[in-house]
Amino acid sequence: MAFARLLLALLLLFAASPGQAASLRPLSVYFLDVGQGDAALVVSPTGKTVLIDAGPPEAQISLVSRVKQLVNGPLDLIILTHPHLDHLGGMSRVIQTVGVRRFMDPGFDHPSDAYRKVLDVVGQEAGQVMTPTPNAATPDAPLSIGLGEGATLSIFWPRVPQEPFLKNTRSDANSNSIVAKLTYGDTSFLFTGDAEPETEARLLRQPQDYSATVLKVAHHGGRYSSTAPFLEAVRPQAAVISCGARNDYGHPTREALDRLGQVGARVWRTDRDGEVRAVSDGERVTLTAARGSAAAPVVVRGLGARAVPPVDTPRGTKSGPVEISVEPRGPSPRGEGGRFVSLKGSKVFHREDCATLKRAKTQERTVYPDRASAMKERRPSEDCKP
Ligand SMILES: [Zn+2]
Ligand SMILES: [Zn+2]
């Protein structure tokens with residue numbers, strides 16, 4: 001009886017403790033094994049799904065089947081960090097077979113057929129197409145996307161039109177990769193695409209909390225990215241490198257691995273460890289690899305948000321996260337009397353000035369003189385809301 005009372009007291013104690021672990025549902029990030037390229041899937045505590053990049057073309061079949069295992073129904077958001085083939089190779093197939101509600105990319109123009117083709121498919125299939133434009137009311141704060149139960153995705157870069165794209169860098173497409181931080185309780189994940197040293201230096205000039213429990217290492221562990229000052233700001237407990245076995249680029253490089261070691265990050269590599277799954281309960285992240293010496297689960301503790309100088313926000317405006325229904329890409333003036341356009345094969349129609357149309361490769365389109373005639377055959381697109 002005394003024992004039972006003690007047990008009860010202990011249970012009550014735990015129930016009343018301020019620790020969040022017991023009450024938070026898990027958030028999972030899968031660093032998918034796509035060979036030489038990037039693809040990571042976020043499944044939020046409420047089941048919102050975000051795919052960040054879609055690997056190289058060689059991996060598209062295995063990528064689609066893995067995503068189908070992990071996701072029911074269309075993805076809530078696809079982020080293409082930048083328009084390179086090792087990040088977009090499986091994207092069209094994922095969009096056409098799994099489906100997607102929203103698509104975000106940097107909006108950085110890149111003259112490749114593969115990228116144009118992705119934009120065509122996006123124009124036809126995605127409900128909403130967007131770039132990470134900072135909220136007009138809080139231009140200094142990153143665009144913030146709520147994924148449920150406090151899980152938030154903040155986009156640090158790029159910041160067009162508040163700031164221009166980086167130019168004349170080692171690779172401007174890489175340098176303008178979308179850099180995003182996913183925060184859940186005291187834990188966080190930083191996704192850097194193929195960010196270059198110029199991106200890292202630019203980010204460090206703006207005070208934000210870049211600290212992260214888990215870092216998706218930039219540019220597959222290339223030698224120039226992951227500079228010491230940037231890693232010092234991120235201070236990752238765990239670092240995941242997405243790269244292919246015996247790749248032609250020598251990824252990951254000794255230089256990047258050494259710098260990660262210097263900040264005490266434990267490294268996982270998809271070439272060696274296969275898919276890496278990271279599960280957060282809001283306090284700790286448990287990382288488990290599909291194979292290799294890292295297959296045993298490793299638990300790392302989130303350190304919470306660090307004190308950073310507050311970002312200047314206009315008084316009286318809210319800078320809380322926007323829920324996943326985010327603003328459409330670019331301005332879409334509500335002028336009356338404009339025409340409406342549908343791309344070949346698409347079920348939706350757009351305003352004639354919609355950015356999605358400008359970015360689509362296909363010139364085969366149907367033009368409607370007014371909204372009523374468009375409505376008879378198609379439904380309004382979610383990006384320009386015609
Ligand atoms: Zn890459
Ligand atoms: Zn790249």
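S226 counts as buried, since its relative accessibility is 2%, and the cut-off for buried is under 20%. This is a predicted model, so please hear every value in that light. S226 is found in the loop between β11, residues 214–216, and α8, residues 228–234. Its phi is near 55 degrees, a positive value in a residue that is not glycine. Most residues other than glycine have a negative phi, and most peptide bonds are trans.

R246 also has a positive phi, about 50 degrees, and R246 is not a glycine either. Is R246 buried or exposed? R246 counts as exposed, because its relative accessibility is 79% and the cut-off for exposed is over 50%. R246 lies in the loop between β12, residues 238–241, and α9, residues 254–262.

Now the cis peptide bonds. One joins W157 and P158, with omega about -5 degrees. Another joins V160 and P161, with omega about 5 degrees. P158 lies in the loop between β8, residues 152–157, and α6; P161 is likewise placed in the loop between β8 and α6.

Next, the metal site. Which residues are the protein donors of the zinc ion, ligand 2? They are H82 through NE2, H84 through ND1, N174 through OD1 and D194 through OD, at 2.2 to 2.3 Å from the ion. Along the sequence these donors follow the spacing H-x1-H-x89-N-x19-D. Why is the arrangement irregular? The four donor atoms around ligand 2 subtend angles of 85 to 171 degrees, which makes it irregular; a tetrahedral site would need all angles between 85 and 135 degrees.

There is a second zinc ion, ligand 1, 3.5 Å from ligand 2, and D194 coordinates both. H82 lies in the loop between β4, residues 75–79, and α3, residues 85–88, while N174 is in helix α6, residues 172–175, so this pair ties together parts that are 92 residues apart in sequence. Both H82 and N174 are buried.

H110 touches one of those donors, H84, and also P83, Y115, R116 and A173, leaving aside residues up to four places away in sequence. H110 itself is in the loop between β5, residues 100–104, and α5, residues 113–125. The C-alpha atoms of H110 and D172 are 9.7 Å apart, with their positions 62 residues apart along the chain.

On to the sheet. Nine strands form an open sheet with mixed pairing, in the order β6-β5-β4-β3-β2-β1-β14-β15-β16. At the edges stand β6, residues 128–130, and β16, residues 298–301; each has a single partner strand, so one side of each is left without a neighbour in the sheet. Neighbouring strands are turned by 20 degrees against each other on average, ignoring direction. Within the sheet, β1, residues 27–31, runs antiparallel to β2, residues 40–43, and four bridges join them. V29 stands opposite V42 in β2.

Last, helix α2, residues 60–70. Its buried residues are Q60, L63, V64 and V67. Their arc around the axis is only 95 degrees, which puts them on the same side of α2. An α-helix has 3.6 residues a turn, so residues three or four places apart point the same way. What do the buried residues of α2 pack against? They pack against β3, residues 49–52, and α4, residues 91–97. The face turned away from the buried side of α2 carries the exposed residues I61 and Q69.

Key. Residues numbered from 1 in each chain as written. Chains lettered and ligands numbered in written order. Predicted model: local features only at pLDDT ≥ 70, side-chain atom pairs only at ≥ 80, totals over all residues. Heavy atoms only, no water. Donors = N, O, S within 2.8 Å, 3.2 Å for Na, K, Ca; no water. Tetrahedral: all angles 85-135°; square planar, octahedral: opposite > 155°, others 65-115°. Helix = DSSP H or I, 4+ residues; strand = E, 2+ residues; numbered from the N terminus. Buried < 20%, exposed > 50% of the residue type's maximum accessible area, 1.4 Å probe, protein only. Contact = heavy atoms within 4.5 Å. Arc of directions from axis to C-beta. Pairing = 2+ DSSP bridges. Axes fitted to C-alpha atoms, helices over the stretch in contact; angles between N-to-C directions.
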